[in-house]
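Reader: I should be grateful for a close look at a single part of this structure, followed by whatever of its surroundings can be described in the same terms. Please proceed step by step.

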Amino acid sequence: MRLKHLLASVAMSATVLAATGAKAVEIEYWQYVFETRVKAMDQLIQKFQAANPDIKVKQTTFPYADYQTKVAASIMAGQGPDVVQLFYGWTDNFISGKMIQPLRASAFPAADIERDFFPIVSAMKRGNDYYGLPTAVRSLALFYNKKIFKDAGLDPANPPKTLDEFVAAAEKTAKRDGGGNLTQAGVTMDMTGQDHQWWREVLIRQNGGQPYTDNDSKVAYNDEAGLKALTFYIDLQKTKKVGQVGFMDEGQAAFRGGLAAMTIDGTFRLGSFNTIKAFEWGVTELPANAKGERSNYASYFANAITTKAQGEKLAAAEKFLAYISSPEAMKVWLEVVGELPARRAAALTPENLANPIYGPFLKGLEYAHTTEFKDEMAQRQVAIDMVNRVLIGGETPKDSLAKAATAEQAILDRAAKR
Amino acid sequence: MAAAQSLPALPMSKVKPGRVVAWTLLFIGGVIMVTPLLFMLSTSLKDASQVYDLRIVPAAPTLENYWQILGDGRFLRWLANSTIVALSVTVSNVFFDSLVGYTLAKFRFRGRYIVFVAILSTLMIPTEMLVLPWYLMASQFGWLDSYWGIMFPGMMTAFGTFLMKQFFEGVPDDFLEAARIDGLNEFTIWWKIALPLVTPALSALAIFTFLGNWTAFFWPLIVTTSAELYTLPVGLSSFAVEQSIQWEKIMTGASIATLPTLIIFLFLQRYIVRGVMLAGLKG
Amino acid sequence: MSATGTEAAAGGLWSRLSLSQKQVLWAWAFLAVPVLFYTVIRFWPTVQAFYLSATDWNVMRPASYVGFENYRRLWSDPLFWQVFRNTFAYLLLGTPISLLLSFVVAYYLDRVRFMHSFIRALYFLPFLTTAAAMAWVWRWFYQPVPIGVINDILATFGLPQQPFLRSTTQALPAVLAPAIWAGLGFQIIIFLAGLRAIPSTYYEAARIDGLSEGAILRKITIPLLKPTLVFLVVFSSIGFLRIFDQVYNINSNDPGGPLNSTKPLVLMIYQTAFSSYEMGYAAAQTVVLFLILLVISLVQLRIMRDR
């Protein structure tokens, strides 16, 4: 059993290491792997440690796909982070699993939070308690390929402003080969990406409906507005033939590869698109409807303190959380990750608003909605399946919409029982 | 139809057209079999602009993708992890499976049959059913996210034990008796006398165990949490998602995961094929 | 625990034992660690899996006993029945197709001498690949134009495009193909070994009797290959019933999709356990998988033995 010995000695050396570092409080910070986020956090940790020599912060990262599971499993096992990054939509799960604790009002007064942050931060509030704070918020916008626009005779300086102009631009830029196969998409169609948010919080509202009622616990989209929104989306592929689900595997890959004129995506994609060398691209606000009404979907990853942090670790964790939610940290995050500051004052500077890239996203924040997801992955799957039932299952949008509403309501009800 | 050429007792017949057709079809089939591998390798040698030019021989081959991917260090780490895990499990299996197989084949004692049947019965239990209890066990003992956590379920297998038992049964008892009379202890008899007689079986077991662990995906995916402990298949899977579908990068990663076993095969083809045959026939 | 420990403790006692008594002690000394291993790592978890399947354990809170509730839920879950059908589709397509292909190749390869080991290597190489890696290669092959390899080739010949992974009918065979592809080499090698093991005197006698090649195949080769065939049928059936790596990687954005048309039981187990955290429910699914494997193996062994 040489392995057991090996393990024992590894465990020993770990304890020894921990013991020698005992002077400084060490806290652990977890987030998911995304190159720029990790880089930004490394910088913040460095600055924080320089200002607080008695605290050491260790950053651990996981791939997004398994992130939630890993966090849950480790905290259950009494290991894991003191400060953890979580998607705002997971908050209920994390609270019911006793994984995160409410922020102490002494350190984070609610009134201050509500004064300084964008209102969407309220998604972290349960009763009178806030359970976490974001560093940055993200919203959606329309990315467009200036080269394709120019080649199609469109003005790259004047991207579509309304849904009608959007469809017209897509029709001009989509290309098909002799067999009628799409070779260049006017617009990407990818419900596994951000399109389900666009449909849920933007298209439904622009058609006069609303996706949910009762704190997002009742599905409300199985109506005329929901149907119009779904039909609009489906028709991009079915009748207008300007996009195709699965084209180039993923929507963002198609845009990146220069084979899609437009894509709807979030601030978090900026880092990846910034490495595009083959063409110039631009950003504009999501198209308005005929009446000029706009909507947007905003979301964020918040940082929360886990139930594991107690005593001096709790104090250190609070200090760290305060720092990574400070205006200074938000500035670093904007520069490195490209995500918008969660504090109004840090975000709405004249400089940021005039920025051709951040501007459209920031404007979107003013009228953005946030879905209070109960189980984001499952709810996204409902939207994916809804579109697939129509496009490859041959169902009518009306039937598929009704099925989606039933399925999603079941998920919400199951979550409510937990 | 072609005459059975592999039968030495028959006189070699002339080359018949039927046999030429069969050979050609077999050859074409073989080429089709390796086409995915060729595409993978050739794409890994292309830069992003050539990816969709589907020529097998790249117009301007470059190792740039490899340098980039190996340069960030993670793949080397995953390679090392996979090697450590697969080798350790293989050594453990070769040792314990043959020891148990030998004991069950060559010792007479009460309970032998029960032990044999009990071990054999674990073949009927799919690992998927044990994964949740193992996960629970690993999290209680703090084995999540460790080499031991990846390895512990496979340290011994019923398949290997059964295979080795079959082979040890073919070892004549006289050999062992002679050694006993010479005063060797039982462990030495097994280690020095019996084991060398079954080396083909040992190599078959080693090859299977190594390959199985090298390509294992399900359990490592569940038990590892940090990227530093990923094995190659798990690392590749998360890498591919993270690369935003850049095919040349993904193909390079897939090549790195696949090439080691292919290269080993080129050198050890004879042993590997024989090992697979042995394991299949006796197992 | 070890043999030397027993010896040291027993001291003079050891020398007084008879040879057969010593043998028994040695045997148990050799078996001590393995018996412990099988008990703790195999048998105990098996019992636990059955127990967990009767609880509502999720990662967030401790388990409590719920009886057959998970099984009842499974029975009335339409997703389970879809997954059940998919799992059997993998089996019923995968096993016959792969065995037929590998037998035909092995049968002819056995008669080929020219470049025999080279051709054998071509067929065998895919067996050495990592399924998780190769799934990505196949995923790329299946893309629509302009990037998909297969569709580009179809387009060159003016043939209609195929949706492959974007179709509820084509996706499952498309996911199955890499699994068959990877397993073929193994089956061919085993068939070759089986063919070699048939004594050549049988063939000689048959030829002297004037039997045709087809008759030899039917009356001698196939009956004598039965043990090989039984092994391969059982072995590959279990493999197809447990398919996971390919499915998980070939459609990572919507694993098992589109519309669950490719989702096998193992993927459902994985998602139930590790993305919905419903461990108890997942445990019930693993018990069902166990029963399916058990029944299928027993039925196959029975049928093949009778014939």
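Author: Two residues are taken to be in contact if their C-beta atoms, placed from the backbone, lie within 7 Å. The model is a predicted one. On that criterion, the contact between chains C and B takes 75 residues from chain C and 73 residues from chain B. On the side of chain C that touches chain B, helix α3 (residues 19-52) of chain C gives the most, with 17 residues. By class, this side of chain C has 57 nonpolar, 9 polar and 9 charged residues.

The contact criterion also serves within chain A, which is divided into domain 1 (23-138 + 299-361) and domain 2 (140-297 + 374-417). The centres of these domains, taken over C-alpha atoms, are separated by 29 Å. Their contact takes 13 residues from domain 1 and 13 residues from domain 2 of chain A. The side of domain 1 that touches domain 2 comprises 6 nonpolar, 4 polar and 3 charged residues.

Chain A also holds an open sheet of 5 strands in the order β9-β10-β13-β8-β14, with mixed pairing. The edge strands, β9 (175-176) and β14 (281-284) of chain A, each pair on one side only. Strands β8 (residues 140-145) and β13 (residues 260-266) of chain A pair in the antiparallel sense over 5 bridges; A:L142 has A:I264 in β13(A) as its bridge partner. Helix α8 (residues 191-206) of chain A packs on the sheet, touching β8 and β13 of chain A, and its direction makes about 70° with that of β13(A). Helix α7 (residues 163-173) of chain A lies across β10 (182-187) and β13 of chain A, and runs at about 165° to β10(A).

Terms used:
Residues are numbered from 1 along each chain as its sequence is written. Chains are lettered from A and ligands numbered from 1 in the order in which they are written. This is a predicted model: local features need pLDDT of at least 70, side-chain atom pairs count only at pLDDT 80 or more; totals for chains, interfaces and linings use all residues. Two strands pair if DSSP finds at least two bridges between them. Helices (H or I, at least four residues) and strands (E, at least two) are DSSP runs, numbered from the N terminus. Axes are lines fitted to C-alpha atoms, for helices over the stretch in contact, and angles run from 0 to 180 degrees between N-to-C directions. Ala, Val, Leu, Ile, Met, Phe, Trp, Tyr, Cys and Pro count as nonpolar, Asp, Glu, Lys and Arg as charged, and the others, Gly among them, as polar. Domain bounds come from an automatic or database domain assignment.
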